[in-house]
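Me: I have a structure to go through with you. Let's take it in short questions, and please end each reply on the value or name I ask for.

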Amino acid sequence: MRTRSTTRTTVRAAGAALTPAALLAAIALTPAAALAAPAPALATPVLAAPSGGPTPSPGAATVTKAGTSFLSATPVAAGQPVRVGASTGEYLYWSFPAEAGETHEITASVSLAQDRTGTSTWSVEVFDGLRRRQACTAGAQTPTADASASTVAIGCTLRRVRPWAEPWSADPLPGTYYVRLTVVDVPEPDLGLPINVDLLVSTTGDADTSEEDGKLEAPLVPPTKAGEVLDSVPTVAPEDEDDGWNLDLTGWLPEAGSRWVWTTIGGILAAVAGVVGFALTRRPSA
């Protein structure tokens, strides 16, 4: 009993000690103290870093040119970066070598002009040594950029190069490949605006093609050397024209060509027509 009465007396004394001003000050300080108190930490999800694309080879020289056709395509090597300035609407060509067992990935980034008037659709195409278009297995081959976009990313992953293939198939074979980059749909006022192109050809895989049961006799490389100046032009002796009347070894009878046959048939028909005409127009004697 004494303990309970002592506790009640202590509580009453504490309540009496708190004046109205002290109570208001305590209430005013309560929100600030609550905000200052450390809140329990929430579990923050950790976002995985985006997977980076192909990177240039260390020490590779940057290519600053591009061709305007298959014959003038600028050669590049795998892992060699390309950075070139051009105009919207131009066709840009590059070439690179490919060996059996390799898989190639073409990535490009086009920096667009800010004063464009509409959307534009870009395209990257890859052709083999026979100028056959190769299909892409992955990548944004024909992306569309909005009028407010500053860059557009283009990509194409080719199929694995085979050491041989049937003549009727379009499988990728070893040889020279061509990359063509251009815009395929753009408003007419945007043609000619400046652009900057960053391109990279990367290679994965090895040349182990032991599971294949054949091998290409020679790479598919066109026999053209654009820009080469020949020191001397070989001269070819003109051939005698064949008029169909060349004599044979005996020297007596002409060669039985098409002209000789048709001349004979025409002579026979003319003789028959002359005989028939004479018979029709001949008058009997009186």
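Me: How many cavities of 30 Å³ or more does a search of the whole structure find?
Reply: This is a predicted model, and the result applies to the predicted coordinates. The search covers the whole structure. The number of cavities of 30 Å³ or more is one.

Me: Which element gives the most residues to the lining of the largest cavity?
Reply: The cavity has a volume of about 30 Å³. Its lining includes A86, S87, W122, L181, T182 and V183. Two elements give two or more residues to that lining, β2 (82-87) and β9 (175-185). With three residues, the top contributor is β9.

Me: By class, how many residues in the lining of the largest cavity are charged?
Reply: The lining has six nonpolar residues and four polar ones. E90 is among the lining residues, and Glu counts as charged. The charged count is one.

Me: What is the average pLDDT of the protein chain?
Reply: Confidence varies along the chain. Strand β5 (residues 120-127) has the highest mean among the elements, at 95, and helix α2 (residues 20-36) the lowest, at 43. In the chain, 62% of the residues score at least 70. The average pLDDT is 75.

Me: Over which residues does pLDDT stay under 50?
Reply: Helix α2 covers residues 20-36 and has a mean pLDDT of 43. Where pLDDT is low, the predicted coordinates should not be read in detail. For the stretch in question, the model has one contact beyond four places in sequence. The stretch is residues 1-52.

Me: How many strands does the protein chain have?
Reply: From the N terminus on, the order is α-α-β-β-β-β-β-β-β-β-β-β-α. The chain has three helices. The strand count is ten.

Me: What share of the contacts with a separation of 6 or more comes from residues 24 or more positions apart?
Reply: The chain has 286 residues, and buried ones make up 28% of them. For contacts, the pairs that count here are 24 or more positions apart. Their share is 70%.

Me: Why is strand β3 (residues 92-98) described as largely enclosed by the rest of the structure?
Reply: A residue is buried when its relative accessible area is under 20%. Strand β3 has seven residues. It is largely enclosed because the number of buried residues among them is six.

Me: Which residue in β9 is the bridge partner of F96?
Reply: β3 and β9 run antiparallel and are joined by seven bridges. β3 also pairs with strand β1 (residues 74-75), in the parallel sense over two bridges, with T74 partnered by W94. On the β9 side, the partner of F96 is Y177.

Me: Is V179 buried or exposed?
Reply: V179 lies in strand β9. Leaving aside neighbours within four places in sequence, its contacts include L92, W94, F96, I106 and V124. The cut-off for buried is under 20% relative accessible area. At 0% relative accessibility, V179 is buried.

Me: What distance separates the C-alpha atoms of V179 and F70?
Reply: V179 sits in β9. The two residues are 109 residues apart along the chain. Their C-alpha atoms are separated by 9.1 Å.

Me: Which residue in β8 stands opposite S109?
Reply: Strand β4 (residues 103-111) and β8 run antiparallel, joined by seven bridges. Strand β8 (residues 151-157) is mostly covered, with five of its seven residues buried. Opposite S109 stands A153.

Me: What is the relative accessible area of T157?
Reply: T157 is in strand β8. Beyond four places in sequence, T157 touches T103, H104, E105, A135, C136, T137 and A138. It counts as buried, because the limit is 20% and its value is 18%.

Me: What distance separates the C-alpha atoms of R160 and T103?
Reply: R160 is found in the loop between β8 and β9. At 31% relative accessibility, it is partly exposed. R160 and T103 are 57 residues apart along the chain. Their C-alpha separation is 4.6 Å.

Me: What value is phi of R131 near?
Reply: R131 is in the loop between β5 and β6 (133-134). It is partly exposed, at 35% relative accessibility. Most residues other than glycine have a negative phi. R131 has a positive one, near 65°.

Terms used: Residues numbered from 1 in each chain as written. Predicted model: local features only at pLDDT ≥ 70, side-chain atom pairs only at ≥ 80, totals over all residues. Heavy atoms only, no water. 1 Å grid on protein atoms, 1.4 Å probe; cavity = no way out; pocket = protein on both sides within 12 Å on 5 of 7 lines; lining within 4 Å. Points joined across faces, edges and corners; volume = space filled by probe spheres on them. Helix = DSSP H or I, 4+ residues; strand = E, 2+ residues; numbered from the N terminus. pLDDT = per-residue confidence, 0-100. Contact = heavy atoms within 4.5 Å. Buried < 20%, exposed > 50% of the residue type's maximum accessible area, 1.4 Å probe, protein only. Pairing = 2+ DSSP bridges.
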